[in-house]
Amino acid sequence: MEYGEYLASECTTCHQVDGSANGIPSITGWETEPFVTALHAYKAKHRDNEVMQIIANRMSDEEIAALAAYFKTLEN
């Protein structure tokens, strides 16, 4: 989980760790599978958000899994 926490610093530039969603959806407490599915959908450009597409596209499967595991542990 330490790796996921390290990677999360880029995510938390926009997504709030406390789970608040001030115009940007919360990603804390998500189950692993939907989190991974969402990031892969951004990579494949099946979800519309240019910033997320760019970020997801440069992440490996290992990095996506680490982020999913980390954000699952956070409470909303």
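**Exercise 1. Helix α4 and its cover**

Task: Identify what covers the buried residues of α4 in this predicted model.

Solution.
- Start with the cover. It includes α1 (2–11) and α2 (32–43).
- Next, list what is being covered. Glu63, Ile64, Ala66, Leu67, Ala68, Tyr70 and Phe71 of α4 are buried.
- Then check the helix geometry. α4 spans residues 61–73, 13 residues in all. Its first and last C-alpha atoms are 19 Å apart, close to the expected 18 Å at 1.5 Å a residue.
- Now pick one buried residue, Leu67, and trace its contacts. Setting aside residues up to four places away in sequence, Leu67 touches Gly4, Leu7, Ala8, Cys11, Phe35 and Met59.

**Exercise 2. The nonpolar core**

Task: Which residues have the most contacts inside the largest nonpolar core, and which elements give two or more residues to this core?

Solution.
- The largest nonpolar core holds 18 residues. Phe35, Leu39, Met59, Leu67 and Phe71 have the most contacts inside it.
- Two or more residues of this core come from each of α1, α2, α3 (50–57) and α4.
- The largest share comes from α4, with six residues.
- Set this beside a general trend. Nonpolar side chains tend to be buried together in soluble globular proteins.

**Exercise 3. Classifying aromatic pairs**

Task: Classify the ring pairs Tyr3–Tyr6 and Trp30–Phe35, then give the exposure of each partner.

Solution.
- Two descriptors are needed. A pair of aromatic rings is described by the distance of the centres and the angle of the planes.
- The structure holds four aromatic pairs. Take Tyr3 and Tyr6: their ring centres are 6.5 Å apart and their planes meet at 15°, so this pair is stacked. The cut-off for stacked is under 30 degrees.
- Place that pair in sequence. Tyr3 and Tyr6 are three residues apart in helix α1, and about one helical turn separates them.
- Check exposure. Tyr3 has 36% relative accessibility and is partly exposed. Tyr6, at 59%, is exposed.
- Now take Trp30 and Phe35. Their centres lie 5.8 Å apart and their planes stand at 80°, so the pair is edge-to-face. The cut-off here is over 60 degrees.
- Check exposure again. Trp30 is partly exposed, with a relative accessible area of 29%. Phe35 is buried, at 5%.
- Finally, extend to the cluster. Trp30, Phe35, Tyr70 and Phe71 form one aromatic cluster.

**Exercise 4. Polar contacts in a loop**

Task: Is Thr28 buried or exposed, and what does its side chain make a polar contact with?

Solution.
- Locate the residue. Thr28 sits in the loop between α1 and α2.
- Read its accessibility. The relative accessible area of Thr28 is 0%, so Thr28 is buried.
- Find the partner. The Thr28 side chain makes a polar contact with the side chain of Ser26, at 3.2 Å.
- Move to Ser26, which is found in the loop between α1 and α2. Ser26 counts as buried, at 16% relative accessibility.
- Follow Ser26 onward. A polar atom of its side chain lies 3.3 Å from the backbone oxygen of Gly19.

**Exercise 5. Two positions in α2 and one in a loop**

Task: Describe the surroundings of Thr32 and Ala41, then give the phi of Lys45.

Solution.
- Thr32 lies in helix α2. Thr32 is partly exposed, with a relative accessible area of 32%.
- Beyond its neighbours within four places in sequence, Thr32 is in contact with Ala68 and Lys72. The C-alpha atoms of Thr32 and Ala66 are 9.6 Å apart, with these positions 34 residues apart along the chain.
- Ala41 also lies in helix α2. Ala41 is buried, with a relative accessible area of 16%.
- Ala41 touches His46 and Arg47, not counting residues up to four places away in sequence. Ala41 and Met52 are eleven residues apart along the chain, and their C-alpha atoms are separated by 9.8 Å.
- Lys45 is in the loop between α2 and α3. Its phi is near 65°, a positive value in a residue other than glycine. Lys45 is exposed, with a relative accessible area of 55%.

**Exercise 6. Confidence**

Task: Where in the chain is confidence lowest, and where is it highest?

Solution.
- Take the chain as a whole. Its mean pLDDT is 93, and 97% of its residues reach 70 or more.
- Then go by element. Confidence is lowest in α1, at a mean of 93, and highest in α2, at 97.

Technical notes
Residues numbered from 1 in each chain as written. Heavy atoms only, no water. Helix = DSSP H or I, 4+ residues; strand = E, 2+ residues; numbered from the N terminus. Expected span 1.5 Å × (residues − 1). Buried < 20%, exposed > 50% of the residue type's maximum accessible area, 1.4 Å probe, protein only. Contact = heavy atoms within 4.5 Å. Phe/Tyr/Trp six-rings, centres within 6.5 Å; stacked < 30°, edge-to-face > 60°. pLDDT = per-residue confidence, 0-100. Polar contact = N/O pair within 3.5 Å; in protein donor to acceptor, adjacent residues only side chain to side chain. Core = buried A, V, L, I, M, F, W, Y, C linked by side-chain atoms within 4.5 Å.
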